[in-house]
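Open the model in your viewer and keep the sequence panel beside it, because each stop on this tour begins with something to select.

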Amino acid sequence: MSSEAGAVFPCANGRPAAEVAPGPSRGSHPADPYDLIGVGFGPSNLALAIAVEELDPGRSCLFLERNTGVRWHPGMLIEGARMQISYLKDLVSLRNLASPYTFLSYLKAKGRLEKFINVGASRPTRLEYQDYLSWVAEDFGHVVRYESEVVAVVPVAGPGSETLDLLRVRVRDAGSAEFHDLYARNVVHAGGGTPRRGAPGQICDASSVIHSSTFLDTFPARFPDHDAALDLGVVGDGQSAAEITSHVLKGYPNARVHLFVPGYALRATDNNPFANEQFYQRNAGEFYASGARRRTILRTELRNTNYGAVEAGHLDELYDITYADEVRGAPRLVVHRASHVSRVVEDGERLSVDVRDRTDGPDRTMVCDGLVLATGYTRELHPAVFGELTPLLSRDESGELLVTADCRVRTDERVTAGFYVQGYAESAYGIGDTLLSLLPFRSQQIVDDIRGRLPAGRPVAVEESAPYPPSHYVETDLDRIRSLMERFNFATVISVARDARVLVTHVPLVVERDRGGEHGMLIGHLDRSNPQVELLRDRPVTVVFHGPDAYLSPDVLKTDRLPTWNSMSVHVRGHARLFSGRDELMRVFNGLCEQAEGESGSYWLRPDDTRIEQLRGQVVGFEVDIHELTGRFKLSQELDEANRELAAADMARGTSAERQAFIERAFDLQPRPDVLGPPGGPGVGGCPVGGARAAGGTAAVADNERETAR
């Protein structure tokens, strides 16, 4: 595994992340496998987790990461080092701009959006991108197990299957050192690359020989004296080599750096907009559809967009450092052109470095205090982990994996389980295979492919087997839904913090039909000391309006039914915003009064009321832009008309006349005195509902209640 393996909603989408890793019960037996197990939880599989959440939430999945948390290229998180791509090429934006997991959503949540814009940078620092990954990963604690190292992936036959339709994933728990097996229909391997250190025996395994993948973790500890007069070597000609060279020259003022490059000099990355079109989704698809020879030519042509090249601005910075040294009369950077480090051995406390000249010049041996290998990574399936699966994977004549356009490796016909790779098929997908630009598209392709390959007879998740709530309980009449929200406006506002705490507040809300989108807006206010206030600051929110509900006894009905409970509610999903302006708060206060006072509307807050300012200091207003409305009206729809009338009358028992009328309208029934009882007195159903006198009684009751309250 590797660099990316080390890197391994709501919360944001209404589902809290678990505070602990998922338990071992699911997937521990071949009869109950996961739909998907992801190996590694770096950017690739993190983007996949988002795609599963947003595109196929019923899918059962688990991600296994050997590190303790999100660690994305930790050895190269050098202060000030920037990404080489735009912030818009995050884990999800190119697929779904409305996702709560975009980089811009991260900046907004962190309170830095305006400052980031003010900085004027299109490319964030690596430290900030690492923090973004960690921020996203916090919401997926329910589907990832950290400190879980995958030691084997083996194809097996599930119960009653004649093919190898499952993959058994053997996992070692870092804490207990125990092993256990998990089963999945599909495995997505995104373990990253293995640091390239040269042929066995070529470069000694000494503490002073450091690969760039662990540079920040090990170099400062190995060389703690920043004022020492050191001779340090750096091998490589890419971005990492240049950044390490600059870092050492800045941090070790008395050190001399020997930069061993295979060509004449460091070269600038070809990141002109025409060349960068190779990372468009469409062009990546065309690359895959090309013949093998054309793909090889294109990879060679576009190689310096990613390999063996340095961002032009950083080259200028590095050259400025060397020029300043020249001015001081103390040059510290020595570039060894056309050099190949062929052998490194320990020479006492130092290193003996053999250097071969690639232009047939004289070879030489140098002595260094330390050597940093900025030599990149190899991308191959680990033989120990995939040893039993590898013989069943298809390869081309050059030994490269044969893959579908959806990242699934083609296999022997005996294998029907899905094995997907992210970052291991550059020959098929182009240079973008190991980069971040295509992750949103690739994750969708994998999700769609897995969904389309589910075997017949597969146990189906509840979300897939039937809609919930059942369609016959879903109210689609927008006027009825709004009517309930306005009549029963004392609602439950639900938010989920990033640490999975659920905060709930019960408040009266005003429905504004003519503002916002097609569903309108909600407005209300909270006490400023309420901790939920901060979770309504540009965040998703769920609001529940509770209408009438009642137990329905079988004794009420003229049919043999089990007891049940009828109810009416509306679930609202939307996006909340805070406000504290006087005019906006006045709209809330007077809206609540108007809604509660009814037709008389006798009470109205005047703008010049001196108490308003004091109230403004105690409360904060909020509005919810309604994105989704779900009316859940469980009103015995499965019964015939006569029994529904009995259920309606029973539900109305004990309620005010106004509520009785509301229930009658909700059931959409014509009043029948022989069932519902005569106006003004109890009947078979228990109380009067509907009719002219009942409607008049509603106003009287409302007036009486209002008079009493005053």
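What follows is a walk through a predicted model, one selection at a time.

**First stop: a group of rings**

Begin by selecting Trp-72, Tyr-87, Phe-103, Tyr-106, Phe-116, Tyr-129, Tyr-132 and Trp-135, whose rings are linked by pairs into a cluster. The structure as a whole holds 17 aromatic pairs. One of these is formed by Tyr-106 and Trp-135, which meet edge-to-face, with 5.7 Å from centre to centre and 65° between the planes. If you colour the helices, you will find Tyr-106 in helix α3 (residues 103-110) and Trp-135 in helix α5 (residues 126-137), so that the pair links distant parts of the chain, 29 residues apart. Are these two residues buried or exposed? Both Tyr-106 and Trp-135 are buried.

**Second stop: an open sheet and a helix across it**

Next, show the strands as ribbons and look for the open sheet of five strands, which follow one another in the order β3-β2-β1-β7-β18 with parallel pairing. At its edges are β3 (144-145) and β18 (418-421), each of which pairs on one side only. Zoom in on strand β2 (residues 61-64), which pairs with β3 in the parallel sense over two bridges, and select Phe-63 to see that this residue stands opposite Val-144 in β3. Then add helix α13 (residues 439-452), which lies across β1 (36-39), β7 (186-189) and β18, and which runs at about 175° to β18.

**Third stop: a buried glutamine**

Select Gln-239, which is found in helix α7 (residues 239-251). Why does Gln-239 count as buried? Its relative accessibility is 10%, and the cut-off for buried is under 20%. Now display what surrounds Gln-239: leaving aside neighbours within four places in sequence, this residue is in contact with Gln-84, Arg-126, Ala-309, Val-310, Glu-311 and His-314. For Glu-311 you can look at individual atoms, since its backbone nitrogen lies 2.7 Å from a polar atom of the Gln-239 side chain.

**Fourth stop: arginines over rings, and positive phi values**

Select Arg-337 together with Tyr-264, and you will see the arginine lying over the face of the tyrosine, at 4.2 Å from the ring centre. A second example is Arg-487, which lies over the face of Phe-488 at 4.8 Å from the ring centre.

Move on to Ala-338, which is placed in the loop between β12 (333-336) and β13 (339-347). The phi of Ala-338 is near 50°, a positive value in a residue other than glycine, and with 9% relative accessibility Ala-338 counts as buried. Then select Asp-538, in the loop between β23 (520-527) and β24 (539-552), which has a positive phi of about 55° although it is not a glycine. Asp-538 counts as partly exposed, at 29% relative accessibility.

**Last stop: strand β20 and its partners**

Finally, select strand β20 (residues 490-496), which is mostly covered, with five of its seven residues buried. How many bridges pair β20 with strand β21 (residues 502-508)? Seven bridges pair these two strands, in the antiparallel sense, and the bridge partner of Ser-495 in β21 is Leu-503. Five residues lie between the strands in this hairpin, where Ala-500 takes a positive phi near 80°. Strand β20 is also joined to β24 by three bridges, and these two strands run antiparallel; to find a facing pair, select Val-493, which stands opposite Val-543 in β24.

Key. Residues are numbered from 1 along each chain as its sequence is written. This is a predicted model: local features need pLDDT of at least 70, side-chain atom pairs count only at pLDDT 80 or more; totals for chains, interfaces and linings use all residues. Side-chain values use heavy atoms; hydrogens and water are left out. Rings of Phe, Tyr and Trp (its six-membered ring) pair if their centres lie within 6.5 Å; planes under 30 degrees apart count as stacked, over 60 as edge-to-face and the rest as tilted. Helices (H or I, at least four residues) and strands (E, at least two) are DSSP runs, numbered from the N terminus. Buried means under 20% relative accessible area, exposed over 50%, partly exposed in between (1.4 Å probe, protein chains only). A charge sits over a ring if NZ of Lys or CZ of Arg is within 6 Å of the ring centre and within 35 degrees of the ring normal. Two strands pair if DSSP finds at least two bridges between them. Contact means heavy atoms within 4.5 Å. Axes are lines fitted to C-alpha atoms, for helices over the stretch in contact, and angles run from 0 to 180 degrees between N-to-C directions. A polar contact is a pair of N or O atoms within 3.5 Å; within protein, one must be able to donate a hydrogen and the other to accept it, and residues adjacent in sequence count only if both atoms are side-chain atoms.
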